[in-house]
Amino acid sequence: ALKDGMRVADIGAGTGFFSAAMAQRLPQGWVYAVDIAPRFVEYLSQVAANSKHRNMTPVLAGHNAVRLAPGSIDLAFLCDTYHHFEFPRATLASIHRALRPQGTLVVSDFERRQGKSREFVMKHVRAGKTTFRTEIEAAGFALAEEVQVAGLEENYFLRFIKR
């Protein structure tokens, strides 16, 4: 549900796959490609500089904050990132501050189910969807919907609204 003119943060941007796609989709908008790894942010800076889409800013996040200005984004997007949060309460608070009123938080992450999920997921992902949803709601977000996405067999896709 991206609309041109939106300001979006791809949190845990990595190599910028989603950031670049969103920048292309939002020519009048802006994308913040946020990551905690300096090497990724350095790489994202090169991608932004060499791209025909000049609407992307790489941001070096901290371990407990996304380091975006208050009220600066309409949407925060996390794909296979939330389970890496070492300080979920503080990080979610920083996302909440960065979002404008009624802003959207989208979380897609690995479904962790005992007896069904791969060993990699069971060892790598600290908790399941229910725990993550509880943490996110406690941080001031309301679940708007769970979207079924074709092809996502091991992942879920949740959309929250800032309260």
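# A tour from an aromatic cluster to the nonpolar cores

Begin by selecting phenylalanine 17, which is exposed because its relative accessible area is 61%, and keep in mind throughout that the model on display is a predicted one. Add its sequence neighbour phenylalanine 18, whose relative accessible area of 35% makes this residue partly exposed. With both side chains shown, look at the two rings: those of phenylalanine 17 and phenylalanine 18 have centres 5.1 Å apart and planes at 85°, so the pair is edge-to-face.

Now extend the selection to phenylalanine 77, where the rings of phenylalanine 18 and phenylalanine 77 have their centres 5.1 Å apart and their planes at 65°, and therefore this pair too is edge-to-face. This second pair links distant parts of the chain, since phenylalanine 18 belongs to helix H1 (residues 17-25) and phenylalanine 77 to strand E4 (residues 73-79), 59 residues apart. Is phenylalanine 77 buried or exposed? Its relative accessibility is 11%, so phenylalanine 77 counts as buried. Taken together, Phe17, Phe18 and Phe77 form a cluster linked by ring pairs, and the count for the structure comes to 4 aromatic pairs.

Next, leave strand E4 and select phenylalanine 87, which lies in the loop between E4 and H3. At 44% relative accessibility, phenylalanine 87 counts as partly exposed. Show the residues around it as well: leaving aside residues up to four places away in sequence, phenylalanine 87 touches His63 and Asn64. A distance drawn between the C-alpha atoms of phenylalanine 87 and asparagine 64 should read 5.4 Å, although the two residues are 23 residues apart along the chain.

From the loop, turn to the interior and select Ile11, Val34, Leu68, Ile95 and Leu105, which are the residues with the most contacts inside the largest nonpolar core, a set of 26 residues. Which elements each supply at least two residues of this core? They are strand E1 (7-11), strand E2 (30-35), E4, helix H3 (88-98), strand E5 (99-110), helix H5 (129-138) and strand E7 (155-162). For a closer view, centre on valine 34, which, not counting residues up to four places away in sequence, touches Ala9, Asp10, Ile11, Gly12, Ala13, Val59, Ala61, Val66 and Leu68. Apart from the largest core lies another core, of 14 residues, which can be located by selecting Met6, Met22, Ala33 and Met56 among its members. In soluble globular proteins, nonpolar side chains tend to be buried together.

Finally, zoom out and switch to a cartoon of the protein, which has 5 helices and 7 strands. Following the chain along the sequence gives the pattern β-α-β-α-β-β-α-β-α-α-β-β. The radius of gyration is 15 Å, close to the 15 Å that the globule rule gives for 163 residues, so the protein is as compact as a globular protein of that length. Along the principal axes, the C-alpha atoms fill a box of roughly 45 × 30 × 30 Å.

If you colour by accessibility, note that 45% of the 163 residues count as buried, and that the accessible surface comes to about 8900 Å², of which 53% belongs to carbon and sulfur atoms. A contact map offers a last view: among contacts between residues at least 6 apart in sequence, 64% join residues at least 24 apart.

Methods
Residues numbered from 1 in each chain as written. Predicted model: local features only at pLDDT ≥ 70, side-chain atom pairs only at ≥ 80, totals over all residues. Heavy atoms only, no water. Phe/Tyr/Trp six-rings, centres within 6.5 Å; stacked < 30°, edge-to-face > 60°. Buried < 20%, exposed > 50% of the residue type's maximum accessible area, 1.4 Å probe, protein only. Helix = DSSP H or I, 4+ residues; strand = E, 2+ residues; numbered from the N terminus. Core = buried A, V, L, I, M, F, W, Y, C linked by side-chain atoms within 4.5 Å. Contact = heavy atoms within 4.5 Å. Rg over C-alpha atoms; globule rule 2.2 N^0.38 Å. Areas by Shrake-Rupley, 256 points an atom, 1.4 Å probe, with all protein chains shown as cover.
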